[in-house]
Amino acid sequence: MTNEGIRPATAADVPAVRAVTNAAYRPYIERIGVVPQPMEADHAADVAAGRVFVLGDPVVGLVVLEVSADHLLLDSIAVHPDAHGTGVGRRLLHFVDAHARALGLPEVRLYTNAKMWENQKIYPKYGYDVVERRVDGPYDRVHYRKRLLGGVSSVSR
């Protein structure tokens, strides 16, 4: 799996990061009853901190990552609805694994809203296990973890 075309976002990408994030998460507002947290993120600050990686020109997908001492947090993944079914999400998830391994981190963590049931079908296919379900303020979240073994994902290829 190639990481070709995935690059750190620059200040010039901030409008696209905002637009793709909003397009990806907007459909969930009515279902979950609140604005999804990624839509309220400070995209400029995340880009400036080197936390955002984008795919495409124009940008069609992105991940927001947070490095911790013992794991990589996939804070947000967004794929523009026009790019659904084209492999963008798969490429981004593989990039996250590769990035964690390059940083020497043993696992990737993420969470999704419990009412975003589509995600709960996707993440296990990529080797993520449910760790817990927890309410954080207005958000009912399912937390996942993916252990990376010996520099290779624990998912069979």
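The following conversation goes through a predicted model of one protein chain.

Biologist: How many helices and strands does the protein chain have?
Modeller: In this predicted model, the protein chain has five helices and eight strands. Read from the N terminus, the elements run β-α-α-α-β-β-β-α-β-α-β-β-β.

Biologist: And how compact is the chain, given its radius of gyration?
Modeller: The radius of gyration is 15 Å, close to the 15 Å from the globule rule for 157 residues, so the protein chain is as compact as a globular protein of that length. Its C-alpha trace spans about 40 × 35 × 30 Å along the principal axes.

Biologist: What share of the residues counts as buried?
Modeller: Of the 157 residues, 43% count as buried. The accessible surface of the chain comes to about 8200 Å², and carbon and sulfur atoms hold 53% of that surface.

Biologist: What about contacts between residues far apart in sequence?
Modeller: Among contacts with a separation of 6 or more, 63% are between residues 24 or more positions apart.

Biologist: Turning to the interior, which residues touch the most other members of the largest nonpolar core?
Modeller: They are Val-63, Leu-65, Leu-74, Leu-92 and Tyr-128, in a core of 25 residues. At least two core residues come from each of β2 (52-55), β3 (61-67), β4 (72-79), α4 (88-102), β5 (107-113) and β7 (139-149).

Biologist: Which element gives the most to this core?
Modeller: Helix α4 does, with six residues.

Biologist: What is Leu-92 in contact with, leaving aside its neighbours in sequence?
Modeller: Beyond four places in sequence, Leu-92 is in contact with Ile-6, Leu-55, Gly-61, Leu-62, Val-63, Ile-77, Ala-78 and Val-79. Apart from the largest core lies another core, of 17 residues, and Ala-78 is among its members, as are Ala-24, Tyr-25 and Ile-32.

Biologist: Now Pro-81: where is that residue found?
Modeller: Pro-81 is in the loop between β4 and α4. Leaving aside neighbours within four places, Pro-81 is in contact with Ala-23 and Ala-24. The C-alpha atoms of Pro-81 and Pro-36 are separated by 16 Å, and the two residues are 45 apart along the chain.

Biologist: Why does Pro-81 count as partly exposed?
Modeller: Because its relative accessibility is 35%, and partly exposed covers the range between under 20% and over 50%.

Biologist: Let us move to the acidic residues. Is Asp-13 buried or exposed?
Modeller: Asp-13 counts as buried, because its relative accessibility is 8%. The residue lies in the loop between β1 (6-8) and α1 (14-25). Not counting residues up to four places away in sequence, Asp-13 touches Arg-7, Pro-8, Val-54 and Val-59.

Biologist: And Glu-107, buried or exposed?
Modeller: Glu-107 also counts as buried, at 6% relative accessibility, and lies in strand β5. Beyond four places in sequence, Glu-107 is in contact with Asp-70, His-71, Leu-72, Arg-145, Lys-146, Arg-147 and Leu-148. Glu-107 and Leu-72 are 35 residues apart in sequence, with their C-alpha atoms 6.5 Å apart in space.

Biologist: How many positive and negative side chains does the chain have?
Modeller: There are 19 positive and 18 negative side chains, and the centres of the two sets lie 5 Å apart.

Biologist: One last topic: which residues does a cis peptide bond join?
Modeller: The cis bond joins Asp-57 and Pro-58, with omega of about 10°. Pro-58 is placed in the loop between β2 and β3.

Technical notes. Residues are numbered from 1 along each chain as its sequence is written. This is a predicted model: local features need pLDDT of at least 70, side-chain atom pairs count only at pLDDT 80 or more; totals for chains, interfaces and linings use all residues. Side-chain values use heavy atoms; hydrogens and water are left out. A nonpolar core is a set of buried Ala, Val, Leu, Ile, Met, Phe, Trp, Tyr and Cys residues joined through side-chain atoms within 4.5 Å. Buried means under 20% relative accessible area, exposed over 50%, partly exposed in between (1.4 Å probe, protein chains only). Helices (H or I, at least four residues) and strands (E, at least two) are DSSP runs, numbered from the N terminus. Contact means heavy atoms within 4.5 Å. The radius of gyration is taken over C-alpha atoms; the globule rule is 2.2 Å times the number of residues to the power 0.38. Accessible areas come from the Shrake-Rupley method with a 1.4 Å probe; for residues, only the protein chains shown count as cover. Lys and Arg count as positive and Asp and Glu as negative; His and the chain ends are not counted. The place of a charge is taken as NZ of Lys, CZ of Arg, CG of Asp or CD of Glu.
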